[in-house]
Amino acid sequence: MEEPEWHSPATVEEATALKARLGDGATVVAGGTFTGILVANGLIRPQAFIHLARVAGLIGIAVGDELRLGAMVTHRKVEMSRDIRESPWARVAECFAQVASPRIRNQATVGGVLCDADYASDPPTLLVALGARVRLKSPSGEREVLVADFIKDHYETALRADELLVEVVVPKPPRQVTYLKFRSRSSEDRPCVGVAVAADLDDGGRCRSLRVVVGAVSGRPQEFPDACAVAVGQRMSVDVATEIGRRYSELASTLSDVRGSASYRSRVIAVLVRRSLEPLAA
Amino acid sequence: MKIPVRVNQNAVELEARTDETLLSALRRADFRSVRLTCGIGVCGACTVLIDGEPISSCLVLAPAASGADITTTEGFDDDDPVASAFQEFSAFQCGYCTPGFVLTTRALLSENPQPTDDEIRHALAGNLCRCGSYVKIAAAVRLAAESMRS
Amino acid sequence: MEGMLHARILRSPHAHAKVVSINTAGVPRDVVTLTRDDVADLEPLYGPMVKDQPVVAGDRVLHVGDAVAAVAARTPREAEEALELIEVEYEELPGVFDPVEATSDSAPLLHEGLEIPAEYRPDGRNVCHRFRLKSGLGKDGFAGADVVIEESFEIAGAAHNPMEPHATLAYWEEGRLHLITGTQTPFNTRRDMAALFRIPEETIRVVVAPMGGSFGAKTFMRLEPITAALARKARRPVRAVLTRGEEFITVNRHPAQFRIRLGANRDGTFVAKSVDAWWDTGAYADCGPSVCTKGGYAAIGPYRIPNVTVDSRCVYTNLPPAGAFRGYAATQGVWASERMTDLMADRLGIDPLELRLKNLLRDGDRFATGEVMHDVRFADCLRNAAEAVEWGAESRNKGLAVMLKGMQTPSRTGVALEIDAGGHVVLRSATTDMGQRPEIAQRNLAAHALGLSPDLITVGPNDTDLVPFDTRTTSSRSTFMMSNAIRAAAHDLRRKIAERFEVAPEDLVMSDEGVGVTGSPDLSRPFADLAGVRGEGTFVTPGGLDPDTGQGIASSHWHQAAASAEVSVDAETGVTTITRLHTAVYAGNVVDQAGAELQNEGSTIFGIGSALYEGIVFEGGQVTNGNLSDYEIPSMLDVPDFTYELLEGGEHSHGLGEMAVPVVPAAIGNAVAAAGFPVRNLPMSAESVLGAPHHPASPPGRRKRRPTSPQVGR
């Protein structure tokens, strides 16, 4: 069988033009961890590859009013970035550091993990909790979409056929941000449940705002603002944390996989959400 | 497709299809220390260093490696401190996973010459050894770190 | 090799189906195909114990992944593409995926009219072998027990996952078949291939490549029949290498179910035990009958029990075949047995250590098979393990396990020691290298037996044309068997050298410089002068068990080991953390210290995998977790700091390749149960631990034990 064409565009414009022209027949290769698995194991047979490594302007990390990460920034670069680690976005670096192994992190990209939209991932959960956005470019223009809206389901995003994800933008986070990766098996495992918390506490320890996002339990990260509302205006306590955990357990839809059944996930969501919120009570 | 790379500091032209992995291309070019086990990047048997950083060569499409500076254990000297430490501790059984561990160790020690036991475990957790040589591997890494410091 | 082709196998997507038609017309002409027509002149079926497996499917496929056809092409990619051009028409049939269900009258029958050799007992529907044992009064013995408890246990199948997959190269040359293959069983392979191809054994040459791990997977016939058949048709060398996904549907560890009844007196003395076991051997028996027997008696445990009944069934189902797997049935049997021992300890209110010590076999005791035990160290192993976790002190969350495991019996090992032109002593042995580096032990043993430095000993290639017969490298038998065979070969070599010198062997002096005669310095010769002199030694262990009564010699030599564990269970998530782990194995005379340590460390880590993570998940006969992300083996971070003791002593060298594997999960399971989660099944996933009925009524920590008189030491 004929081997696929290999395209290595130098600009975003070239890349999106190629995407538009080749349509479904082309597979975009960012870091390549996901496409590598698909191709090597015969799961896809594209007619062409569009390799993004040479595209200019996609590898920047900028810490300012917002955190801006180029789509081709690797997980490892985020993990090791001093600028990010010493900034209010430190938890973002820590979250990316928890993904898979150093080898995968050396290769996998920020844009890639979002475009893959694999449900059993860590970064999307935290990025949703922080209100992150993706910047998408096409030959006809540019738009921004919240990560929460960009990821529609497992392996399904809002990316249009002629679009390229070029940047991830993370607004300034509140003071209390955590990401908890719960593994039910080996320490090398993907998350069974991921819980991201972004809370703004006033000087008296009362919650001005609270976002809790649960990921890796179904097709996309889930959030229930109504359940969190009970905490707003008061100090976090074990009782409030337990109540929010209980509500998330009831409300979150869960799936079954090798890491746990749907009912197991529902059960431990209550525990993990509570444990993520308890430190705010201190 | 012809893909120019440097392997162990020598210019090499890999011959590969565009949908072929770097692992496959390297093995056909006789770099047999790089091995296929899981095929999905989780076991580390296919580890190579690209610009000094460990990468799963089974996940890299060969053309994407164009111009890369690749290291495999074929390029190690006989008295290489990491390889010697592994020999000293018999830190292997069947030896299939060993090149991956050795390369990962070299990368770890370049970045962190005095790793704690915890840091060693975290750095090597992505390399699987079914024979279960982990105890001696960890000892070998500590020895290599010591001998590289002196 | 020049002209070599690459093979790929077309596999059934169905667990049970009729093969209505196969059409290879669409395959390119330069690709060689293999279907049932191409092997019609061979024996229809092969198998190491029961001949039940075709080279490629005849009129039926019996498991998902069953070989239907095969191709050989210039490149692996072309072979892969050719597979897609073969059209197969199937008619699906109902399948059965549980060994208990498979014995029911309504279950589909997998092998109709199969010829089963006389030594096995095909007693029951889909049962290819049934091992029974009765000692004393059998089940009538329960009447004499104060307390009788009964429980069921289930152990999932597991995948060996050697880092290197199965790989075989076959070529025919001048009327001989050459197999360059990763195998633990060169002589079995040679014998079975000869029978299959209807050619004399001597026409087949098996050359064993060092393996990147095996753990039982690369035993008996795997890729050899298909590659040899393709090579025959292609008239070219053919090489086959399995993908990781194929590793999960080729041969696995037997899923097993147990129902155990144990009767004891109030003072803790075991009175009666009955073991009912069902081993899921999958679509083809492989060595299932032997697994079924060994697992049956391993589940009795190393205990003095006057009335024992075992009914162990090896059952066909439409799952992929199950075969030899590190731990060889002991992992399953010991799990069931040692969990049961703790349940009895619980019931009687007796400390689990005391209960075991009270009942452990001692020198001179008879095991349930009737054989008299000697060189017994069970209690030493157990005490060592208990001490390592400070059992006597705070004992919450701690567990113990002790086991006996048999070794392949009967068996035979031959070794030759030959002097070559360079003055080296070449050791010829069929022991295969799968990571345990047998050549180090071999060289040390030969050196010791001859009084020479190991540097003078080299190990020759593992080629059936060059090495004497050895049963196989399995069941941790090699060091034990080899040490005896090498001693015999060394003795024979000395005798033959003495003959050359025309002196008595006692008058010979051997050193690294050469051979001399006591009192006659002028008669000294360097080894090179003795090139060609060859000593041979054979060691045979007779034995075997009557399949109906279970009496006889189960094992010429018993593997003895114990383990202890301490765990911390997250009661809200079920996640188990091992905080302490120790194994005590009776190693005997250690001849390769580093190797012994590596083997025991490796076995311990294997055991951790079986305990917490490893289980193949089947759905309708499909493997749903057939990759190393969904099926997890332990990583460095999963292994806690653990300790172990290799108990030395005695004159024998005991195999260490598997010892820790069965006792580790059992000890961890007993610890998890002591923590309040009475688990019954392996693996102990977080979810299953959480599901084990927690006993909120019992206070954390061990229940109060009634004191018993301590076991009087021997």
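I take helices (H or I, at least four residues) as DSSP runs numbered from the N terminus. The model is predicted, so local features need pLDDT of at least 70 and side-chain atom pairs pLDDT 80 or more, while totals for chains, interfaces and linings use all residues. Residues are numbered from 1 along each chain as its sequence is written, chains are lettered from A in the order in which they are written, and side-chain values use heavy atoms without hydrogens or water.

Cavities. I looked for sets of points, on a 1 Å grid over the protein atoms alone, where a 1.4 Å probe fits but cannot get out, with lining residues having an atom within 4 Å of a point; points are joined across faces, edges and corners, and a volume is the space filled by probe spheres set on them. I find seven cavities of 30 Å³ or more, and the largest has a volume of about 590 Å³. Its lining holds 37 residues, with C:Gln436, C:Ser476, C:Gln599, C:Leu656 and C:Gly657 nearest the centre, and H10 (438–450), H11 (478–501) and H12 (593–613) of chain C each supply at least two lining residues. I sort this lining into 14 nonpolar, 19 polar and four charged residues, counting Ala, Val, Leu, Ile, Met, Phe, Trp, Tyr, Cys and Pro as nonpolar, Asp, Glu, Lys and Arg as charged, and the others, Gly among them, as polar.

The second largest cavity holds about 240 Å³; among its 19 lining residues, C:Arg11, C:Tyr46, C:Gln53, C:Arg222 and C:Thr250 lie nearest the centre, and the lining divides into twelve nonpolar, four polar and three charged.

Key
1 Å grid on protein atoms, 1.4 Å probe; cavity = no way out; pocket = protein on both sides within 12 Å on 5 of 7 lines; lining within 4 Å.
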